[in-house]
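The following exercises concern side-chain pairing and solvent exposure. Each task is followed by a worked solution.

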Amino acid sequence: MSIWLIGLAVTLVSGTAVTVYLWLIRRPHDEMSYGLHALSGLRWREFSKLVLAAMERRGLVEATPDQQDSREPQSTFVLARGEERWLLSCKHGSAYRIAAAPVQELAASIRLGAARGGILATEGKVEKEGRDAAQGTSIELLDGPRLWPEVRYLIEPALREQIAQYATSRAKRHTGISWLGAVTLGALAMAVWSNAYPTVREDAEAAPPASVARPAPAAAPATPAVTQESFREPTQEELEAQMRDVLKALSKTPGITRGVWQTKLTLSVDRTASEKDIWPWICLELERYPALRASRVQLNPPPGSSEPVRWRQCKTM
């Protein structure tokens with residue numbers, strides 16, 4: 001695989017994943033956080049009217065609307081749906097952490113007032129104790145994440161647009177930063193790939209597969225026949241050069257990791273392939289040189305294999 005394709009793929013995948021997260025998950029969460037913060041800045045009367053309007057969309061209408069004219073802060077309202085009566089308890093403020101006591105207090109008011117059920121609404125958060133206290137009762141808990149969808153489209157359009165723009169601008173800013181990080185990550189991936197696989201890549205670009213680069217043993221050209229009359233004993237320098245040529249050729253043979261001349265007529269070969277696959281290539285190289293064709297070959301088993309060491313000869317004297 002091209003190193004540029006690797007870098008491009010890493011950049012696109014990481015950048016796209018972060019962008020999807022920022023716009024589909026983080027932006028709605030930011031919008032909710034900014035919206036709840038804006039709600040906490042409202043006066044108690046404005047907040048209660050907003051919650052009452054949300055309940056009215058459910059079909060729960062305030063049973064005693066004249067109480068809204070009172071100047072005293074009011075946190076509990078009686079709602080009606082037909083003959084049913086419901087109690088609404090508003091806890092205004094994002095700092096609220098509702099425990100068991102407010103829930104138990106609302107449950108007692110429901111029993112005393114013979115109401116059908118109750119709703120506790122707050123911009124804050126209901127703790128685990130409060131949720132446990134509401135289990136088995138007819139009380140619905142509307143804390144921050146559950147309250148925001150109820151009142152989102154009831155707040156003033158100008159404020160709603162301001163909240164949306166604030167969340168969108170934050171998502172755009174973080175998207176730009178994330179794509180810069182994705183480009184850096186792609187460059188890092190290219191560097192890691194380049195350092196980890198230099199030999200494999202160079203071999204793949206420089207030469208075709210071994211099965212194509214080298215002919216099969218059956219199709220290998222036969223070495224010219226050598227007779228006693230044409231054989232000439234090589235000099236020491238010529239013999240050493242021939243031995244080096246054999247080792248060089250074997251180092252490029254698939255399935256052979258190393259060849260070492262232990263003596264002038266003993267060749268040790270470390271292999272990773274089967275003996276059947278590499279033996280024709282060993283003989284092909286040794287038989288090129290009359291002085292080496294009768295060499296004894298020590299075939300070492302692959303690492304971790306239980307095969308024994310084998311000794312073989314391509315030609316006998």
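A salt bridge is a side-chain nitrogen of Lys or Arg within 4 Å of a carboxyl oxygen of Asp or Glu. The model examined here is predicted.

**Exercise 1.** Determine which parts of the chain the pair Arg258 and Asp270 ties together.

*Solution.* Step 1: the N to O distance between the side chains of Arg258 and Asp270 is 3.3 Å, and the two meet in a salt bridge. Step 2: Arg258 belongs to strand β8 (residues 256-263) and Asp270 to strand β9 (residues 266-271), so the bridge links parts that are 12 residues apart in sequence.

**Exercise 2.** Classify Arg271 and Glu307 as buried, partly exposed or exposed.

*Solution.* Step 1: the closest N and O atoms of Arg271 and Glu307 are 2.6 Å apart, in a salt bridge. Step 2: Arg271 lies in strand β9 and Glu307 in the loop between β10 (296-300) and β11 (310-313), so parts 36 residues apart in sequence are tied together. Step 3: buried means under 20% relative accessible area. Arg271, at 2%, is therefore buried, whereas Glu307, at 41%, is partly exposed.

**Exercise 3.** Analyse the pair Lys128 and Asp132 in helix α4.

*Solution.* Step 1: their side chains form a salt bridge with an N to O distance of 3.0 Å. Step 2: both residues lie in helix α4 (residues 128-134), and because they are 4 residues apart, about one helical turn separates them. Step 3: Lys128 is exposed at 60% relative accessible area, while Asp132 is partly exposed at 43%.

**Exercise 4.** State how many salt bridges a search of the whole structure finds.

*Solution.* The search finds 15 salt bridges.

Key:
Residues are numbered from 1 along each chain as its sequence is written. This is a predicted model: local features need pLDDT of at least 70, side-chain atom pairs count only at pLDDT 80 or more; totals for chains, interfaces and linings use all residues. Side-chain values use heavy atoms; hydrogens and water are left out. Helices (H or I, at least four residues) and strands (E, at least two) are DSSP runs, numbered from the N terminus. Buried means under 20% relative accessible area, exposed over 50%, partly exposed in between (1.4 Å probe, protein chains only).
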